[in-house]
Structures are given as C-alpha cells and as structure tokens.
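Here is a friendly walk through one protein model, meant to be read with the structure open beside you. Take a look around before reading on.

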Amino acid sequence: MNQQEAALRIAYLCEELDRHNYKYYSLNQPEIDDYTFDQLMNELIALEQSFPDLLHETSPTQRVGNDINQDFKQVAHKYQMLSLSNTYTEEEVADFDQRIRKLTDENFEYVCELKFDGTSISLTYENGKLVRAVTRGDGEKGDDVTANVKTIKSIPLRLHGDYPKEFEIRGEIVLPFSVFENLNREREEIGEQPFANPRNAASGTLKLQNSSIVATRKLDAYLYHVLGNNLPEDGHYALLQHAATWGFKTSEHTRKCKSIEEIFDFLKEWNVRRKDLPVATDGVVIKIDSINLQQELGFTAKSPRWAIAYKFKAEQERTILHAVSYQVGRTGAVTPVANLEPVLLSGTVVRRATLHNSDVIANLDLHLGDTVFIEKGGEIIPKIIRVDLSERHPMSEKVDFITHCPECNTELIKQEGESAFYCPNETGCPPQLKGKLEHFIGRKSMDIDGLGSETIDLLFQNGLVQNVADLYDLSFNDLTNLDRMGEKSANRILESLETSRSVPFERVLFSLGIRFVGETVAKKLARGLKSIVKISSASLEELIAVDEIGTKIAESILNWFKELKNQNLIERLKAQHLNFEIIEQFKEGQTEKLAGLSIIVSGTFEKFSREELKNFIELHGGKNVSSISTKTDYLIAGENIGPSKLEKAEKLKIPIISEDQLIQLTE
Ligand SMILES: [Zn+2]
C-alpha cells in the first residue's frame, strides 16, 4: 500500500470507527459487534504504525491515553462557568417564574432537563475538532484535562454536519452506577478506600495524572449547553438537537415547558423515574429557552437570572439505632455498621446503614437507642445524617469505637493519615485469612476452578486450610470427607490446583494479596524486578524505581516481606513449584550494550512508539525509569515532552538525547 492509498484507507477507518463509537456510546444502538469493531481498530493501528505521518491527534486510536504525567495547566474560561442557584420546593420554583415575568413582557418557554450528578466540563471545538477540555475550577479558570477527556468515548474528537466553526459546549462527566460498583469492588480488593459516590469517583478520575488509567475507568458524558457567537439557532432546546447531530451525547429526557404547571409535572415525573436511570441525577435544571432573552436577563453576581436548579430531596426516614456491629475485611480494615429498626426508604427496606469509620461515629455522638435520620443521597448505601437529641434517653449508652478486633481480639491500630482502624493480625484473624484465600483462588488470581467461598469456609472450619500454601497440601480424602463434596468435584479442585502451577509470576504475585499490590502494580513489579528473590530483597529506593510504584506501595511491600510468616509462606509455595520469576526466552538481537543504565523515555517520537523504545532499552539490558533523579543516565526526549521534566534534566545535568542517538548507543 502506498502513502496515498493508506491515507484514503485511514480516513475511511477513522470515519467508520467514529460513527460506530457514536452509535454505541451516545445512542446505545450498536450496529456491529465488538469483534468487528476491534478488527477495524487493529487495522487502523497497524496502518498508523506503518505510516506515522498519517497519524492524527483526533484519530480514534488516540483514546487509549498515555502514561505521561500531566501537570494540569490552569486555563481561563472564555465565558464564566457560574453555578446555578438551588431551590428545593415548588414554591421557590414558582417565585423564580414570577421574578422573570416581572422582568420581561415577552412570551417565552422553559426547558427542563435532568441535572446529572457528576463533574462539570467545558469543551472547546475549532473547525470540528476538540481542542480543549477544562474543568469548572473556580468558575473563572479551571484545569486543562484534555488528555483525560479524550479517553471518554461518548465525547467526539471530530464533529460531523453543520457545526459552527468555533464554539464551546458544556456538560457533565459521570460514572455510571454499574462501572462505579465494579470500580469500588476492585478498590476494596486491593485494600484501597472505596469512593463514597459516583460523583467523587468521576471527579477523582478526571484528575488522575495518568490518562491510560482514566481510559480504563469508562467515564461517560452528557452535554447540555452550547455557547458561542453565530450559533445556528436562538433556542437552547433547538441547539441541543443540533449538537446531537454533530455527534454529542445529549439527554433524551429534556423537555420544553410552556407553563409552571408543566414544569411541576416534569419535576414530579422525574423524582420517580430517575431511579431507573443508569447514572446519578440530583435534580432538574429549568432554563429560559430563548438565548436572546437569556442575554437580556443577564446575571446576578453569583448566577444567571434565567436558570435555576431544583434539587430532588434526598429521601430521609426516621428510625431507631439498635446496635453497632463491626465488619473485618480481607485487609483487616474494620468498618462499623449501624443496625436499625427496619424502615422503608426509597422503595427498599433498610436495616443497616454505613458509618464509614470512627470519626463518623464520634461526630454524630451516637448513643444506643437513639432516634436517627437516615438518608440515601448520592450514596448507594444509606447513611445516618443526624440524631434527634430530643428523643434521647438520659441513661443511654454512648457508642465507643471498639479497641479490639471482634473476630480475633487483637488490639486495633490506626495508621497515620488514615481514618480506618485495622486489625494487624494478618496471619491469625479468620475473616482476613478467609479473605486472602478467596482472593488467591479468584479468576484474576490463581483461577482455581471448583473452589468457591463456601468450600473455603468449610475447609477453614474443619481446620484443613489456614493459608494459601495449605491448599496445595489437600488430599483427595481431605476433600471427599467434606459435606456435599463428591469425587468429581474433588478431582476438579485438585486438577485446577495442579494447573495453577503454570500461572505466570505476575499473577502469582497479585494472588498473594499484599496491600496496594493490585493487578497492574503486580505486573509492573514482576516485569521490573523479574523474581520474588529480587522483590523481597529490594530496598525502598529500588522498589520506587519501578514504574508506577510510589512510597506507599513500596512500604507495604517491604512490611509484607519483613514478616517471618510471609517468608515461610513463600518458601512453601516455592516448594510447590509455583512460578516465582519471569521466565525469559532468549530474544533476537539481545545485547548488554545498555546494561546498568537508567533511562527515561518521555514525549512522542517519530519512528517508534514510547512502548517500542522501552522494549528496545530492555532488549539491550537497560532499565526504564519513570522519574528523573541524579541516578538517571539518559533522557530520551520526544516531541511534547513536559517542560518540567526537561528543566529537571537540565538542572541535574542529565544528557538529553534523541531516539536516533539511543540507537547509536547500541551499535
Ligand atoms: Zn482480627
């Protein structure tokens, strides 16, 4: 294929992939299956690699993000990003209508739209291309998060149709409930504090420094406000209809309303229907439709006069606090749970409410038998928001956070800077032991087929298994002696334990359940240090030198390997022939020309991708590092390299070389 043919094919593939992205993520009407989509994408990736000149920054392949650490630049908003004034009752909405009717004699219409509960974003498009994405910030200026926003599939990188040459569009970046729940499950698995609600998760994700992680989080976006000169319509509603044809995801539930009664109908309807939506909403925005009239009415100091937010009342209910119980998780974190007199809230019977940690209990000054108000706000699990002190019995007992583990009676500890208490008895506390076993057998870990949490429970209760090494000592008789365990199931378990001996090192490392060592970290550690021997004997500095390993993770690893019990565990697993090193095959072209050199690759390159350069360095015995220190030997600088990185390299007098010079080093 020559350059010209490639250009045509690339243009076609970009167009097709954009169209299918729009159909899938914005309209929810996929036309082709995932496999066919991936085929097209792979063809485009291959072509762009062969013809790097033809790679464009709005190509659908550019949505995967990159691992360049970003310092978010502050950018001034062209149009102020004001927040709306909030109302909570129909009377306040009626007052708003009255105020406007006093200010104008014109006939006008309102537009009612759902208020999505996420984080606001302002997108700027020029000549049909996304050029900038900025957070609300303080309303005057916000953070430039363009690289992260480009990974959101429902935000078009290129537009179609009769879009204005230059305009801004605003919307809300949200995390769907289903994605939020998965994300929290994964966080809890590696001992990270879960996010309180989808809004926090969305805004936290948008500010991540590594856009390739943002890409995995599956953020979504609804756009709701077009701004600019020379817009094709005077009506806000009609503009949104246009925006949808340009490729934006807009809410299908937006409605024009002529009267205050129609607005009330919308509020009543959506107070109920919103519970069936896949994303969180916290109210309705009511706007004047005509943009001319909007401009005539203008702004107060804090907010526009032509719009108002009506916030749904978070449903509250009164009930009695009977007791506080404590749950111990796999990582030993102790979570207090309030046990309540059952009460109906938002359509479900609530018996328990989360109390998060000891600070929450102290702030509420909870007493047993208290009458409490519970609420289901943005949070999934209800929480106690306040105590009705007038109902408190003078003799009632104050709730004090426990000092000892409810499962093993070990004294609890609190780590500096953390709000949670932990049971430190990692190797003797039943829920921690069982949790570790469950983590070990999981699909992403050792993938032991036939063993589930019920069987683990049985094995544990019968004293057959205390830790993961014990699993490999199980005999056929041990298993068949268990209740409800047939010969067939026993064989299946033994077979999959056998197969697990060939699970690659990085997954074995993840399976150990070391705090903060999730899937990705385990992979980076395994690839960076190659064996358990090196990892267990590594210093803090050596661990931090591995890509994406920070002090918190490094310290957790050091502490884990310091424990004699863990050292014994590794020895026993080694004796069972699990993989404890990366088995490397001899690679063609391998040399030691870069041995002992620490090299940083940063920016974008002409001839190779960053990943290819890193592989090249490893092939020649060099070490890839991610942050500049006096120990760095070379910085391979490409285009768009961050100015702070360059500055630091110059300050530390680290040689800055090109990709060609790197290759010369190995010749
Ligand atoms: Zn315990």
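## Two helices, each with a buried side

A residue is called exposed when its relative accessible area is over 50%, and buried when that area is under 20%. Keep in mind that this is a predicted model.

With those words in hand, start at helix H16, which runs over residues 487–499. Its 13 residues reach 18 Å from the first C-alpha to the last, close to the 18 Å expected at 1.5 Å a residue. Where do its buried residues, Ala 490, Ile 493, Ser 496 and Leu 497, sit around the helix? They fall within an arc of 135° seen down the axis of H16, so they line one face of the helix. On the face turned away from that buried side you will find the exposed residues Glu 487, Lys 488, Glu 495 and Thr 499. The buried residues of H16 pack against helix H14 (468–471) and helix H15 (476–480). A general rule helps in reading such a pattern: an α-helix has 3.6 residues a turn, so residues three or four places apart point the same way.

Helix H21 (residues 551–562) can be read in a similar manner. H21 has 12 residues and reaches 16 Å between its first and last C-alpha atoms, close to the 16 Å expected at 1.5 Å a residue. Its buried residues are Ile 553, Ala 554, Ser 556, Ile 557, Trp 560 and Phe 561. These cover an arc of only 160° around the axis, which puts them on the same side of H21. What covers them includes helix H18 (519–529), helix H19 (532–537), helix H20 (540–544) and helix H22 (564–575).

## The zinc site

Which protein atoms hold the zinc ion as donors? They are the SG atoms of Cys 405, Cys 408, Cys 423 and Cys 429, lying 2.2 to 2.3 Å from the ion. The angles among the 4 donor atoms are 101 to 114°, and the site is tetrahedral. For reference, the ideal angle for four tetrahedral donors is 109.5 degrees.

Along the sequence, the donor residues follow the spacing C-x2-C-x14-C-x5-C. Cys 408 belongs to the loop between strand E16 (383–387) and strand E17 (413–414), while Cys 423 belongs to the loop between strand E18 (421–422) and H12, so this pair ties together parts that are 15 residues apart in sequence. Cys 423 is buried, with a relative accessible area of 2%.

## Buried polar residues in loops

Lys 249 lies in the loop between helix H8 (236–246) and strand E9 (255–257). Is this lysine buried or exposed? Lys 249 is buried, at a relative accessible area of 9%. Its side chain reaches the backbone oxygen of Tyr 25 at 2.8 Å, and a polar contact of 2.8 Å joins it to the side chain of Asp 220. Beyond neighbours within four places in sequence, the residues in contact with Lys 249 include Ser 26, Ser 154, Ala 221, Tyr 222 and Leu 223.

Ser 290 is in the loop between strand E10 (281–288) and helix H10 (291–297). This serine counts as buried at 17% relative accessibility, and its side chain makes a polar contact of 3.0 Å with that of Asp 234.

## Loops around His 439 and helix H18

Ser 445 sits in the loop between helix H12 (430–441) and helix H13 (453–461), and at 2% relative accessibility it counts as buried. Leaving aside neighbours within four places in sequence, its contacts are His 439, Phe 440, Val 503, Arg 507, Phe 510 and Ser 511.

His 439 turns up again with Gly 513, which is in the loop between H17 and H18. Gly 513 is buried at 12% relative accessibility. Gly 513 and His 439 are 74 residues apart along the chain, yet their C-alpha atoms are separated by 6.9 Å. Outside its neighbours within four places, Gly 513 is in contact with Arg 330 and His 439.

The loop between helix H17 (505–511) and H18 also holds Phe 516, which counts as buried at 8% relative accessibility. Its phi is near 75°, a positive value in a residue other than glycine. Lys 530, in the loop between H18 and H19, has a positive phi of about 75° although it is not a glycine. At 24% relative accessibility, Lys 530 counts as partly exposed.

Terms used
Residues numbered from 1 in each chain as written. Predicted model: local features only at pLDDT ≥ 70, side-chain atom pairs only at ≥ 80, totals over all residues. Heavy atoms only, no water. Helix = DSSP H or I, 4+ residues; strand = E, 2+ residues; numbered from the N terminus. Buried < 20%, exposed > 50% of the residue type's maximum accessible area, 1.4 Å probe, protein only. Contact = heavy atoms within 4.5 Å. Expected span 1.5 Å × (residues − 1). Arc of directions from axis to C-beta. Donors = N, O, S within 2.8 Å, 3.2 Å for Na, K, Ca; no water. Tetrahedral: all angles 85-135°; square planar, octahedral: opposite > 155°, others 65-115°. Polar contact = N/O pair within 3.5 Å; in protein donor to acceptor, adjacent residues only side chain to side chain.
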